[in-house]
Amino acid sequence: MMGLMASDETRTETRTETGVQAPPETRTHARVDGDAHETSAEAPATRAWTTWTTRLLVVGIVLAAMNLRPAITSLGALLEEVRDGLGMSGSVAGLLTSVPPLCFAVFGVTAPRLARRFGPGAVVCAGMVAITAGLLIRPYVGGTGGFLAATALALMGIAVSNVLMPVIVKRYFPDRVGSMTGLYSMALAFGTSVAAAATVPVTNALGGHWQPGLAVWAVLPALAVVPWIPFVRNRKAPAASAPTPAAPSTPSRGQESEKPAEQPPLRITRSRTAWALAVFFGLQATAAYITMGWMAQIFRDSGVSAGTAGLLLAVIMVMGVPLAFVIPRVATRLPHQGPIVLVLGVCGLAGYAGLYFAPVGGAWAWALLLGVSNCAFPLALTMVGMRARTGAGVAQLSAFAQSTGYLISIPGPLLVGVLYQHSGGWGLPIALMSALMVPQIVVGVLAGRDRTVEDEAAR
């Protein structure tokens, strides 16, 4: 498994610059079935995918990833205005910041089943439509209940796309898991940071009302629908980029045309690595959604202006742009991802300590440190692709880790809101964030071990 990942950047001699294998006549290795006629018949499909279809898929992945967080960070930047406009208490606002992981847990688990029935491209396309509709209507439906329902609609689209992104990368780019994961993680971080930084200035430019300042973010997912339309009916990966199944020995000519038996679903809950990855995912998601929902408010309550607080939140998120591309590529080259987990955790602890003792004086430094720590998300996604050998295994592990992880993360933002309201300050919430970083480091080290869920689930 690690050999496969390590070859992510070294097998370029048999790849085109778009990431799809070169036509069969230029390959240095034959397929397992070894049938020359079948190989030559695949050449037109390969060329088609190397010209425009693969490029369109990459564009679709990037645009989809850019829309997986603005629904949350744009709200975080205007949370005080939304609370005043809808009459929310601190506890209700905490509930609002807990809605994203709740929706991700509830709807994310359905993504593999929907993908098997309709194809992953169709599900992601529908997800972008749901995000568009939810963001467009939520500022205008009136009342807290309607706002929550419209937010849940947008988050439903985000949830299924969250789960299917690692699956699509593994399926269509099996030998570039690290670089493609880095690409869409970088796009995700970029969209997140832009929404955090631009929401307040855009709101001011639109008259100072929070409703159009939130609704404007429906434009991006509407654009992201377009590149996924050609993939709505395409349920299969191109033959040229499909991973070659491992075989214990070279099959005989009489067996070449036989199709491998379909493997039953893994008993994923028997895998300790799957559980460690799920808990790691949940704890990093807890930190991320507390950050996206409350960090701007923490800075504002410390005396920072609303615009500067939004910029500080954007700095935290924008750190993921370069690091989300670098970390997955480094992770796929290491036999154990524990050292990366440790570095990210130490940065988080240092950032929270600074936020507690000098929230204004060192605000930019704490934002940088917390931004580095926040990059546990692309690391978790990369480990999802590394801890399973097959596309089906990645789909199961992705759904399990993300759904279980988001369930674990639900209480965090809500508890922060409750602690803030009842203590009247941010000391206890920051202490909670710091305390959660310790188990995140421990389970992250366990999840980073060189193992696969297929091996563990079979025991």
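## Surface and overall build

About 18,300 Å² of the protein is exposed, and carbon and sulfur atoms supply 66% of that area. Accessible areas here come from the Shrake-Rupley method with a 1.4 Å probe, and for residues only the protein chains shown count as cover. Keep in mind that this is a predicted model, where local features need pLDDT of at least 70 and side-chain atom pairs count only at pLDDT 80 or more, while totals for chains, interfaces and linings use all residues. Residues are numbered from 1 along each chain as its sequence is written, and side-chain values use heavy atoms, with hydrogens and water left out.

On secondary structure, you get 21 helices and zero strands. Both are DSSP runs numbered from the N terminus (helices: H or I, at least four residues; strands: E, at least two). Of the 459 residues, 56% count as buried, with buried meaning under 20% relative accessible area, exposed over 50%, and partly exposed in between (1.4 Å probe, protein chains only). Take the contacts between residues at least 6 apart in sequence: 84% of them join residues at least 24 apart. A contact means heavy atoms within 4.5 Å.

## The nonpolar core

The largest nonpolar core has 126 residues, and those with the most contacts inside it are Ile-61, Trp-228, Phe-280 and Leu-379. H12 gives the most to this core, with 18 residues. Such a core is a set of buried Ala, Val, Leu, Ile, Met, Phe, Trp, Tyr and Cys residues joined through side-chain atoms within 4.5 Å.

Which residues does Trp-228 touch, leaving aside its neighbours within four places in sequence? Trp-228 is in contact with Leu-57, Gly-60, Ile-61 and Ala-64, then with Gly-121, Val-124 and Cys-125, and finally with Met-165 and Ile-168. As for Leu-379, this residue is buried in H17. That helix is mostly covered, with 11 of its 11 residues buried. Among them are Phe-377, Pro-378, Leu-381, Thr-382 and Met-386.

## Cavities inside

There are five cavities of 30 Å³ or more in the structure. The largest holds about 210 Å³ of space. For the record, a cavity is a set of points, on a 1 Å grid over the protein atoms alone, where a 1.4 Å probe fits but cannot get out; lining residues have an atom within 4 Å of a point. Grid points are joined across faces, edges and corners, and a volume is the space filled by probe spheres set on the points.

The lining of the largest cavity comes to 19 residues, with Arg-69, Leu-188, Met-317, Asn-374 and Phe-377 nearest its centre. Helices H9 (177-205), H12 (272-301), H13 (306-318), H14 (320-331) and H17 (376-386) each give two or more residues to this lining. H12 gives the most, with five residues. Sorted by class, the lining has 13 nonpolar, five polar and one charged residues. In that sorting, Ala, Val, Leu, Ile, Met, Phe, Trp, Tyr, Cys and Pro count as nonpolar, Asp, Glu, Lys and Arg as charged, and the others, Gly among them, as polar.

## A few spots that see the outside

Arg-55 sits in helix H2 (residues 36-66). Arg-55 is partly exposed because its relative accessible area is 40%. Its C-alpha atom is 9.8 Å from that of Pro-227, though the two are 172 residues apart along the chain. Gly-307, in helix H13, counts as partly exposed at 34% relative accessibility. Gly-307 and Ala-197 are 110 residues apart in sequence, yet 7.9 Å apart C-alpha to C-alpha.

Farther along, Ala-392 belongs to helix H18 (residues 391-409). Is Ala-392 buried or exposed? Ala-392 counts as exposed, at 54% relative accessibility. The C-alpha atoms of Ala-392 and Arg-171 are 9.2 Å apart, with their positions 221 residues apart along the chain. Pro-411 is in helix H19 (residues 411-423) and is partly exposed, with a relative accessible area of 45%. Pro-411 and Thr-97 are 314 residues apart in sequence but 9.8 Å apart in space, C-alpha to C-alpha.

Conventions. On a 1 Å grid over the protein atoms alone, a cavity is a set of points where a 1.4 Å probe fits but cannot get out, and a pocket is an open set with protein on both sides within 12 Å along at least five of seven lines; lining residues have an atom within 4 Å of a point.
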